Amino acid sequence: MLSNPNSIHYVILTAMLAPAFFLTATAGLLAAANTRLARVVDRLRSLIVTWEAEAPDRVERDLQIARHRQRAHLVLRACQLLYIALACFVGTSLTLAMDAGLGFRLGMLPTLLAVLGVSFLLGASYSLWREVNLAVRSFDRELDHELSRRRS
């Protein structure tokens, strides 16, 4: 297969680095998702304080709280999917090394783990897309409510 038997180590290491691109993308999305989750939680906490103060527009605050809870759950789902994707990509890297060490007997397992990781990454991206859409719609509703309140 290779002219120098020692060069197999370089081939294995090179193959193990390929999932690093997916790991980097996943880590970036995970950092963004965690930041979004923190912002949603902070916003929910401020709404709860207003909610407890028996604000005159309590019905609107209740709707805002419900929307932000939905946002929090979407970001949570994205984080869960991203952590699974991360595990799949690490598993891909490890199974590539194991496969080479075992004489390439693992068949499609490394590829299957990579495909699963990309699938979970896609699912997390969809969940974050839904959360961003909900965030913008929620902001529009809050702004419309505040503008109508100030006009009254």
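**Close-up views of a predicted model**

**Figure 1. E131 is a buried residue of the predicted model.** The relative accessible area of E131 is 0%, and the residue is therefore classed as buried. The model shown here and in the legends below is a prediction. The side chain of E131 meets that of R36 in a salt bridge, with an N to O distance of 2.5 Å. This pair links distant parts of the chain, since R36 belongs to helix 1 (residues 8-52) and E131 to helix 3, 95 residues apart. Unlike its buried partner E131, R36 is partly exposed, with a relative accessible area of 27%.

**Figure 2. E131 also meets R71 in a salt bridge.** The N to O distance between the side chains of E131 and R71 is 2.7 Å. E131 lies in helix 3 and R71 in helix 2, so this contact ties together parts of the chain that are 60 residues apart in sequence. Both members of the pair, E131 and R71, are buried. Taken with the contact shown in Figure 1, the residues R36, R71 and E131 are linked in a network of salt bridges.

**Figure 3. A salt bridge joins E142 and R43.** The closest N and O atoms of E142 and R43 are 2.8 Å apart. Here too the pair links distant parts of the chain: E142 is in helix 3 and R43 in helix 1, 99 residues apart. E142 counts as buried because its relative accessibility is 16%, under the 20% limit for that class. R43, by contrast, is partly exposed, with a relative accessible area of 27%. The count for the structure comes to 4 salt bridges, among them the E142 and R43 pair of this view.

**Figure 4. Four arginines gather in a patch of positive charge on the surface.** The members of the patch are R77, R130, R137 and R141. Helix 3 (residues 109-151) gives the most to this positive patch, with 3 residues. R77 is found in helix 2 (residues 58-101). With a relative accessibility of 46%, R77 counts as partly exposed.

**Figure 5. C79 and C88 do not form a disulfide with each other.** The closest cysteine sulfur to that of C79 is in C88, at 16 Å, and this is too far for a bond. The same separation applies when the search starts from C88, whose closest cysteine sulfur is that of C79. A disulfide requires two cysteine sulfur atoms within 2.5 Å. A search of the whole structure finds 0 disulfides. C79 is buried, with a relative accessible area of 5%. C88 is likewise buried, with a relative accessible area of 9%.

**Figure 6. F104 has a positive phi value.** The phi angle of F104 is near 55°, a positive value in a residue other than glycine. F104 is found in the loop between helix 2 and helix 3. The relative accessible area of F104 is 48%, so this residue is classed as partly exposed.

Notes. Residues are numbered from 1 along each chain as its sequence is written. This is a predicted model: local features need pLDDT of at least 70, side-chain atom pairs count only at pLDDT 80 or more; totals for chains, interfaces and linings use all residues. Side-chain values use heavy atoms; hydrogens and water are left out. Patches are made of residues with over 30% relative accessible area and no salt bridge: like charges are joined within 9 Å, nonpolar side chains (Val, Leu, Ile, Met, Phe, Trp, Tyr) within 5 Å. Accessible areas come from the Shrake-Rupley method with a 1.4 Å probe; for residues, only the protein chains shown count as cover. Lys and Arg count as positive and Asp and Glu as negative; His and the chain ends are not counted. The place of a charge is taken as NZ of Lys, CZ of Arg, CG of Asp or CD of Glu. Helices (H or I, at least four residues) and strands (E, at least two) are DSSP runs, numbered from the N terminus. Buried means under 20% relative accessible area, exposed over 50%, partly exposed in between (1.4 Å probe, protein chains only).
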